[in-house]
Amino acid sequence: MLSRTADHLYWMSRYIERAENLARMLEVNYRMSLLPHDAQIVERGWAATLTIIGLLDAFRQRYQAVTPANAIAFMAFDRDNPGSIYSCLRQARENARAVRGTLTSETWEMLNSTWLEMRVAGVRPGSEIANFFEWVKDRSHLARGVVQGTMLCDEAWHFIWLGTYLERADSTSRILDVKYHLLLPHGEQAGGSADYYQWSALLHSVSAFEIYRRVYRDLITPRRVAELLVLRDDMPRSLRSCVSRAYTHLMAIRNAQSGETERRAGELQASLHFGRIEDIFALGLHEYLVQFVGRIRDLGERVARDFLVSATD
Amino acid sequence: MVGTSAYDEMHGAAGEVREHYRAFADWLASTPRDRLAQKRAEADSLFHRVGITFAVYGEEAGTERLIPFDIVPRIIPAPEWRQLAAGLRQRVRALNAFIADIYHEQEILAAGRIPPEQVLCNQAYRPEMQGIDVPGAIYAHIAGIDVVRAGRGEFYVLEDNLRVPSGVSYMLEDRRMMMRLFPELFARHSVAPVEHYPDLLLENLRSVAPAGLNDPAVVLLTPGANNSAYFEHAFLAQQMGIELVEGQDLFVENEYVYMRTTQGPQRVDVIYRRIDDDFLDPLVFRPDSLLGVPGLLAAYREGRVTIANAIGTGVADDKSIYPYVPEMVRFYLGEEPLLSNVPTYVLRRQEDLDYTLSHLAELVVKEVHGAGGYGMLVGPAATREQLAAFRARILSAPERYIAQPTLALSSCPTFVEAGVAPRHIDLRPFVLSGRDITLVPGGLTRVALREGSLVVNSSQGGGTKDTWVLE
């Protein structure tokens, strides 16, 4: 397969997944801002989210105050913000358009109509913002479904899933890390109703609230939340699950020069497989997550070098 | 031929419905108007969703528009098509023979049938091609020949497109759309299929691969997603199951062409290019081209790769060469042309220039190198100011223009705001040349949607129709 084609497929799926995770992050903040907090805490939540995705500076250049309305306008609908949901869906569609011959027509039409609807939604955000987040998640579910249900399981397919899981691993770790920024002044102890709502909102944002209840049948504690989202293999958005699936797809497309990338991915997978939550907390969850995001970025760069920009000049 | 009374494809002189349109006319009469309107809206939304759009140059970057699709088909009876097809095959054979001759012995020039400066000073003539042998001596592997019908129903060739003719994807999608919207029509008519065009095209491209290859690798080279015909490039590559490549995906090493893949370099044997000559190889043609492949011409000269269409085919489809095509048929094939040319005034000739200037309001004037309906004057439709302005343009560089009588293009019933009304149409059949000459029945029918307009180009408000050849 052409390296450029693989590149477009990989980024197409990363951008869809990114849009979904942005919607999840915004949704959790939005839910939290509906709780009876003082304005300062609400602001801190949004600032933490903007920090974690690296857009706080860009935001401050455009907007005065960190309010829910401003943050949502910026991160969901802003056409000039390359990191907004709007821009992600446009990028997903542009990447798909560049390789539409490689996609099934259902896949292409689904991404194209998502973009056509987004353009309309972008003009008038509407009051029911929660519906918008639901819509973004639905379109992302649909995108995965149409790939799963219509595409040949060839190299193209593996690149699509590799992009999906690397992006999701990155996003889950960032979502988890938002919580760290939010709790920073309070230390790490659990308890208190505000804290409970924050953790449960976080679980909701990664569709893990019911899963948590089923798995632990007990109080929500930070340690278990972290365990669920970092180490559980059967939890579809956990770091371990994402990395092990990414590893599988990487092995399916390996080539003559990808040995070191395979080794690093395998090493990361093993560390999640055999890791213990006690050790992660001993290192510090935030420190662990920062390291993890760095390793995912490294894998992304290595994939680009090994497969997407072919070194044959 | 000159005049205002257009040939009506559906109705005879007395208003009666022509034989081959009868079943359709019955269906049309019995179908409620609101159902037609609803089907038409359905077609629009389907085309949008599928993304069958084209980019319009000169508008905001990334603007995509639909080419309006008309639900009334253009129907051609089988005997008429057989005659037309025979004429097209003959014409394309002669055109290929001409290009081969020009880039080798130039016998037609030596025989004095065409003034040499007309060919050798033409900007579409590529001296780099001189003496290069191409497989099967085929240059124009894909030809789109624009054909119109004048007042008495006789066909004329308006233009030969031998460089990178486009539009075939609309032919295929229009058929798919009609079958989806009105399956009952296809039960009533025996319409010759066109869906196998991509198979024929792939077979044709493989048949002209460099000799000695069992399984030649064919790719489609596109300028990229911003090109106006990108949809078609992606569509054809997908339908043929070949890679859609951009210049950056290819490279040349030791005079072989390779593409960059996730598993390393892979040989390329045939390039179906949809990029103009000028941009193909920055080492030979435009040095600023980012679309092409450095070293491609060197590989081509060595016979390591086939480029379709060949470089330099423009020398045969240029509007100033067009008047000589009937002569080519006689010279190379020893036959009388089956298809007529439109009488053409070449304004580099003084007597033609004088005639044109004194009859400007009756004529169509075209730029020799123009395409897409840009830079042309339709005399009868022009205002006094437009005529004066065009006169000045002609006088400043007469060699850049040709003129033709205004043809009363035939008209076909078309679904417009006010209901079903006649609109002018043309036809672009696609002729494939390789080991054999093949063409699918019909082609792309373009329709000028504005009342009275004769300009069918999509960039100028034209639409398309499904084209039926009845078996």
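These are my notebook entries on two strand regions of chain B and on the confidence of chain A, taken from a predicted model.

**Entry 1: confidence in chain A.** I looked up the pLDDT of chain A before anything else. The average is 88, and 92% of the residues score at least 70. I then turned to residues 184–191 of chain A, where the pLDDT is below 50. Beyond near neighbours in sequence, I find 5 contacts for this stretch in the model.

**Entry 2: strand E6 of chain B.** I asked whether the side chains of strand E6(B), residues 218–221, are buried or exposed. Val218(B) and Leu220(B) on one side are buried, as are Val219(B) and Leu221(B) on the other, so that both faces of the strand are covered. I next traced the pairing partners of E6(B). Strand E11(B), residues 270–273, runs parallel to E6(B) and is joined to it by 4 bridges; here Leu220(B) stands opposite Tyr272(B). Strand E7(B), residues 243–245, also pairs with E6(B) in the parallel sense, over 3 bridges, and Val219(B) faces Glu243(B) in that pairing. Following the chain, I note that E6(B), helix H9(B) (residues 230–240) and E7(B) form a right-handed β-α-β unit.

**Entry 3: an antiparallel sheet of chain B.** I looked up the strand order of an open sheet of 4 strands and recorded E14-E17-E15-E16 in chain B, with antiparallel pairing. Strands E14(B) (345–346) and E16(B) (377–378) lie at the edges, each pairing on one side only. For E14(B), I checked the contact with strand E17(B), residues 401–405: 2 bridges join these antiparallel strands. Val346(B) stands opposite Ile402(B) of E17(B).

Notes: Residues are numbered from 1 along each chain as its sequence is written. Chains are lettered from A and ligands numbered from 1 in the order in which they are written. This is a predicted model: local features need pLDDT of at least 70, side-chain atom pairs count only at pLDDT 80 or more; totals for chains, interfaces and linings use all residues. Two strands pair if DSSP finds at least two bridges between them. pLDDT is the predictor's confidence in each residue, from 0 to 100. Two residues are in contact if their C-beta atoms, placed from the backbone, lie within 7 Å. A residue is buried if 20 or more other C-beta atoms lie within 10 Å of its own, exposed if 12 or fewer, and partly exposed in between; C-beta atoms are placed from the backbone. A crossover is right-handed if, with the strands pointing away from the viewer, the path from the first strand over the helix to the second runs clockwise.
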